[in-house]
Amino acid sequence: MLLSMTLANYKSVKNPQTISFVALGDKRLDLTKTIPGTDKFNVLKTSAIIGPNGAGKSSFVRALEAVKGILFASEDIQNPLRKYLAKSAFAYGDGKTRPCEISMDILLDKGEAGNEKKPSIIARYTIKATQ
C-alpha cells in the first residue's frame, strides 16, 4: 500500500516535494473514507492532487508511471532507467547537474498474524538517476 511519494529534480519538480496518502489522525475525516493501515494510522481510499499549472501535479503521475515501467520492464531492455528517465525527466536550470530522485514509502505488512501482534513493515524504495 503506497503511503507517500517524494520527487526531487523530476520533470517540473525541482526541490523535494512529498505527497502523503496517510489520513490525518485528528478525526475530521470519516473513517469510511480510509483503509486501516496499522494501529497508528489509516490510509486514504482516494486522493486528489490540486494546484496551479506548473506546480508538479502531472510529474507525480509520470513518476508513478516511470516506476511501474522500470519495475515491469522486459528483460530485452538493457537499461530501463534510460527509457523511463530520459533527459526530459530532469528539472530545468541548475537542477540538471543533480540526480533526479523518486522515493516511495510502502506498507508491506500490517503486522497482523492471527492472535499474535507483530510489528508493521514499512519500506522506503528510492530511485536516483543522473543523465
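## Tyr10 and its surroundings

Beyond the residues up to four places away in sequence, Tyr10 touches Ser59, Arg62, Ala63, Ala66, Leu85, Ala89, Ala91, Cys100 and Ile102. The model described here is predicted. Tyr10 also belongs to the largest nonpolar core, which has 23 residues. Within that core, Tyr10 is one of the residues that touch the most other members, together with Met5, Leu7, Ala63, Leu85, Cys100 and Ile102.

Two or more residues of this core come from each of E1, H1, E5 and E8. H1 gives the largest share, with five residues. As a general tendency, nonpolar side chains in soluble globular proteins are buried together.

## Overall make-up

The protein has two helices and eight strands. Read from the N terminus, the order of its elements is β-β-β-β-α-α-β-β-β-β. The two helices thus stand between a run of four strands and another run of four strands in the order of elements.

Along the principal axes, the C-alpha atoms fill a box of roughly 50 × 40 × 20 Å. Of the 131 residues, 31% count as buried. The accessible surface is about 9,000 Å², and carbon and sulfur atoms account for 53% of that area. Contacts between residues at least 6 apart in sequence were also sorted by separation: 53% of them join residues at least 24 apart.

## The four-stranded sheet

Four strands form an open sheet in the order E2-E1-E5-E8, and their pairing is antiparallel. Strand E2 (17-20) and strand E8 (121-129) are at the edges; each has a single partner strand, so one side of each has no neighbour in the sheet. From one strand to the next, the twist averages 15°. Pairing between strands of a sheet is made through backbone hydrogen bonds, in a parallel or an antiparallel sense.

Helix H1, covering residues 57-71, lies across E1, E2, E5 and E8. The helix runs at about 105° to E1.

## Strand E1 and its two partners

Strand E1 (residues 2-8) is joined to strand E5 (residues 100-109) by six bridges, and the two run antiparallel. Two facing pairs can be named across this junction: Thr6 stands opposite Ser103, and Leu7 stands opposite Ile102. Leu7 and Ile102 are also both among the core residues that touch the most other members.

With E2, strand E1 pairs over four bridges, again in the antiparallel sense. Here Met5 of the core stands opposite Ile19 in E2. E1 is mostly covered, with five of its seven residues buried.

## Ser4 and Asp105

Ser4 is placed in strand E1. Its relative accessibility is 10%, so Ser4 counts as buried. Leaving aside residues up to four places away in sequence, Ser4 touches Thr18, Ile19, Ser20, Phe21, Ser103, Met104 and Asp105.

Asp105, one of the residues touched by Ser4, is found in strand E5. Asp105 counts as buried because its relative accessibility is 15%, under the 20% limit. With the same sequence exclusion, the residues that Asp105 touches are Met1, Leu2, Leu3, Ser4, Ile122, Ala123 and Arg124. The contact with Arg124 includes a polar one of 2.6 Å between the two side chains.

## Tyr84 in helix H2

Tyr84 lies in helix H2, which covers residues 80-84. Is Tyr84 buried, partly exposed or exposed? Tyr84 has 27% relative accessibility and therefore counts as partly exposed.

Apart from residues up to four places away in sequence, Tyr84 touches Ala66, Gly69 and Ile70. Ala66 is also touched by Tyr10. Tyr84 and Ile102 are 18 residues apart in sequence, and their C-alpha atoms are 12 Å apart in space.

Methods
Residues numbered from 1 in each chain as written. Predicted model: local features only at pLDDT ≥ 70, side-chain atom pairs only at ≥ 80, totals over all residues. Heavy atoms only, no water. Pairing = 2+ DSSP bridges. Axes fitted to C-alpha atoms, helices over the stretch in contact; angles between N-to-C directions. Contact = heavy atoms within 4.5 Å. Buried < 20%, exposed > 50% of the residue type's maximum accessible area, 1.4 Å probe, protein only. Polar contact = N/O pair within 3.5 Å; in protein donor to acceptor, adjacent residues only side chain to side chain. Areas by Shrake-Rupley, 256 points an atom, 1.4 Å probe, with all protein chains shown as cover. Core = buried A, V, L, I, M, F, W, Y, C linked by side-chain atoms within 4.5 Å.
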